[in-house]
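Work through the exercises below with the sequence and the structure in view. Each task is followed by a solution in steps.

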Amino acid sequence: MEKALRVYGEVLRLVRRLPKDTRPYYAKYARENFVNYREVDAKDSNALDELFHRAYNHSIWVLNKYSVDKSVADKLKEICFPYVYNFSENGCV
């Protein structure tokens, strides 16, 4: 649950990087998606990983749509993929 809240918070921070007139739409869209998946079993790591992967990929898609540098999503990537992120940070990739 804590990780999901961190992902949601980071997605909302990314929404602030979008053009002002699009922010309400994407903030509402993000909230609705997180609410829709609140029933996912917190013990089902595969389902959660898939949802976090989709949240990250969709965020990147939206950032690209509005020509926002995707590097602003690095923190979201770190939250969604901590093992991959730390693994590549240590020069192991």
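**Exercise 1.** Which helix gives the most to the lining of the largest pocket?

Solution. In this predicted model, H3 gives the most, with 10 residues of the lining. H1, H2 and H3, the last spanning 45–65, each supply at least two residues.

**Exercise 2.** Describe the largest pocket by its volume, its central residues and the classes of its lining.

Solution. Step one is the volume: the largest pocket holds about 820 Å³ of space. Step two is the centre: of the 30 lining residues, Ala4, Asn33, Phe34, Tyr37 and Ala55 are the closest to it. Step three is the class count: 22 residues of the lining are nonpolar, three are polar and five are charged.

**Exercise 3.** Determine how H1 (residues 2–15) is oriented against H2 (residues 23–36), and list the residues in contact.

Solution. Start with the axes, which come within 9 Å and cross at roughly 165°. Angles over 145 degrees count as roughly antiparallel, so H1 is roughly antiparallel to H2. The crossing of these two helices is right-handed. Next, take the contact: H1 brings Ala4, Val7, Tyr8, Val11, Leu12 and Val15, and H2 brings Arg23, Tyr26, Ala27, Ala30, Arg31 and Phe34. Sorted by class, the residues of this contact are 10 nonpolar and two charged, with no polar ones.

**Exercise 4.** Repeat the analysis for H1 and H3.

Solution. The axes of H1 and H3 come within 11 Å and cross at roughly 5°. Angles under 35 degrees count as roughly parallel, and therefore H1 is roughly parallel to H3. On the H1 side the contact uses Lys3, Ala4, Val7, Val11 and Leu14; on the H3 side it uses Asp49, Phe52, Ala55, Ser59 and Leu63. By class, the contact has seven nonpolar residues, one polar residue and two charged residues.

**Exercise 5.** Which residues of H1 appear in the contacts with both H2 and H3?

Solution. Compare the two lists: Ala4, Val7 and Val11 occur in each.

Conventions
Residues are numbered from 1 along each chain as its sequence is written. This is a predicted model: local features need pLDDT of at least 70, side-chain atom pairs count only at pLDDT 80 or more; totals for chains, interfaces and linings use all residues. Side-chain values use heavy atoms; hydrogens and water are left out. Axes are lines fitted to C-alpha atoms, for helices over the stretch in contact, and angles run from 0 to 180 degrees between N-to-C directions. Helices (H or I, at least four residues) and strands (E, at least two) are DSSP runs, numbered from the N terminus. Angles under 35 degrees count as roughly parallel, over 145 as roughly antiparallel, 65 to 115 as roughly perpendicular and the rest as oblique. A crossing is left-handed if the near helix is turned anticlockwise from the far one by less than a right angle, and right-handed if clockwise. Contact means heavy atoms within 4.5 Å. Ala, Val, Leu, Ile, Met, Phe, Trp, Tyr, Cys and Pro count as nonpolar, Asp, Glu, Lys and Arg as charged, and the others, Gly among them, as polar. On a 1 Å grid over the protein atoms alone, a cavity is a set of points where a 1.4 Å probe fits but cannot get out, and a pocket is an open set with protein on both sides within 12 Å along at least five of seven lines; lining residues have an atom within 4 Å of a point. Grid points are joined across faces, edges and corners, and a volume is the space filled by probe spheres set on the points.
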